[in-house]
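Student: I would like a close look at a single part of this model. Please take one strand and work outward from there.

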Amino acid sequence: MIVSLTIVRYRKSLIPFALLAMAVHRLPLTLNRKCTFWKLLGSGRNGTFDLQPDWQQWGLLAVWDNRGAFDEFYNKSFIHSWWNAFTTEKWTILCEPLQSHGKWDSKDPFGKPDTKVINGPVAVLTRATIRLNKIKSFWANVDSVANIMADAPGFITSFGIGEAPVYRQATFSIWKSIDDVKAFAYTSKEHAEVIKKTRNENWYSEELFARFKIVNSLGTINGKNPLKGIEL
């Protein structure tokens with residue numbers, strides 16, 4: 001299994017093509033039998049949960065049978081040709097699941113891996129469907145975590161992505177090591193308080209948390225490859 005996340009940017013004048021892609025790209029993804037799970041995603045302006053959409057930045061998360069299936073998509077697909085024609089930048093990270101807990105649309109998209117020893121840089125996906133009656137409480141609390149994550153030791157970069165505005169949100173972050181992830185998750189007072197509230201107030205109707213081994217990083221986003229110079 002190979003998991004890909006591709007982030008693309010469109011020129012402002014081509015934003016209508018970005019919106020059209022959210023509809024047009026569904027058919028080739030549905031017909032691709034080597035792609036077992038996919039989500040077309042919008043992006044926030046922040047690198048985490050965000051109410052402010054970035055209309056120029058969009059994403060695709062997909063799960064492939066193997067590296068060959070992804071390579072075929074990357075080199076020959078209609079979607080990739082679309083990106084080459086209409087986007088100004090394209091960056092893809094390839095990963096292998098290390099741990100995954102929870103559901104995404106009632107599915108286990110990454111299986112149920114539970115690797116105990118994790119070495120090297122890691123990527124972390126946190127996604128949730130927020131209960132409609134908890135939206136106000138959720139958005140009142142997440143900024144405190146977003147503001148400190150970028151300054152956390154070992155943090156490399158992150159992307160706020162989502163299937164729908166406001167209530168279906170995800171953060172994909174990249175860290176130098178699993179120890180850095182744990183230090184942020186468990187020793188940050190702000191993060192710990194938000195996690196406690198999610199449990200006590202039952203914010204989510206569905207959630208998923210996954211960690212990944214980073215296999216490769218292709219292309220650029222915002223003028224650079226975020227993983228350039230980092231040993232994978």
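Tutor: Start with a side-chain pair: Thr129 and Arg127 are joined by a polar contact of 3.2 Å. A polar contact here is a pair of N or O atoms within 3.5 Å; within protein, one must be able to donate a hydrogen and the other to accept it, and residues adjacent in sequence count only if both atoms are side-chain atoms. The side chain of Thr129 also has a polar contact of 3.5 Å with that of Arg168.

This is a predicted model, in which local features need pLDDT of at least 70 and side-chain atom pairs count only at pLDDT 80 or more, while totals for chains, interfaces and linings use all residues. Residues are numbered from 1 along each chain as its sequence is written, and side-chain values use heavy atoms, with hydrogens and water left out.

Thr129 belongs to strand β5. Helices (H or I, at least four residues) and strands (E, at least two) are DSSP runs, numbered from the N terminus. With a relative accessibility of 10%, Thr129 counts as buried; buried means under 20% relative accessible area, exposed over 50%, and partly exposed in between, using a 1.4 Å probe and protein chains only. Leaving aside residues up to four places away in sequence, Thr129 touches Tyr167, Arg168, Trp203, Tyr204, Ser205 and Glu206, where contact means heavy atoms within 4.5 Å.

The strand as a whole covers residues 122–130, and 8 of its 9 residues are buried. β5 pairs with two strands. With β7 (residues 168–175) the pairing is antiparallel over 8 bridges, and Ala123 stands opposite Ile174 there. With β8 (residues 204–219) the pairing is antiparallel over 9 bridges, and Thr126 has Phe209 as its bridge partner. Two strands pair if DSSP finds at least two bridges between them.

These pairings sit in a closed barrel of 8 strands, in the order β1-β3-β2-β6-β7-β5-β8-β4, with antiparallel pairing. From one strand to the next the twist averages 35 degrees. On the other side of β7, 8 bridges join β7 to β6 in the antiparallel sense, and Phe155 has Trp175 as its bridge partner in β7. Helix α6 (residues 178–187) lies across β5, β7 and β8, at about 150 degrees to β8. Axes are lines fitted to C-alpha atoms, for helices over the stretch in contact, and angles run from 0 to 180 degrees between N-to-C directions.

Phe209, the partner of Thr126 in β8, is also among the residues that Gln99 touches. Gln99 lies in strand β4 (residues 87–102) and is buried, with a relative accessible area of 12%. The side chain of Gln99 reaches the backbone oxygen of Thr115 at 2.9 Å.

Ile174, opposite Ala123, leads to the largest nonpolar core. Of its 26 residues, Leu61, Ile93, Phe110, Leu125, Phe172, Ile174 and Phe212 touch the most other members. β8 gives the most to this core, with 4 residues. A nonpolar core is a set of buried Ala, Val, Leu, Ile, Met, Phe, Trp, Tyr and Cys residues joined through side-chain atoms within 4.5 Å. The contacts of Ile174 include Trp91, Ile93, Val122, Phe155 and Ile214.
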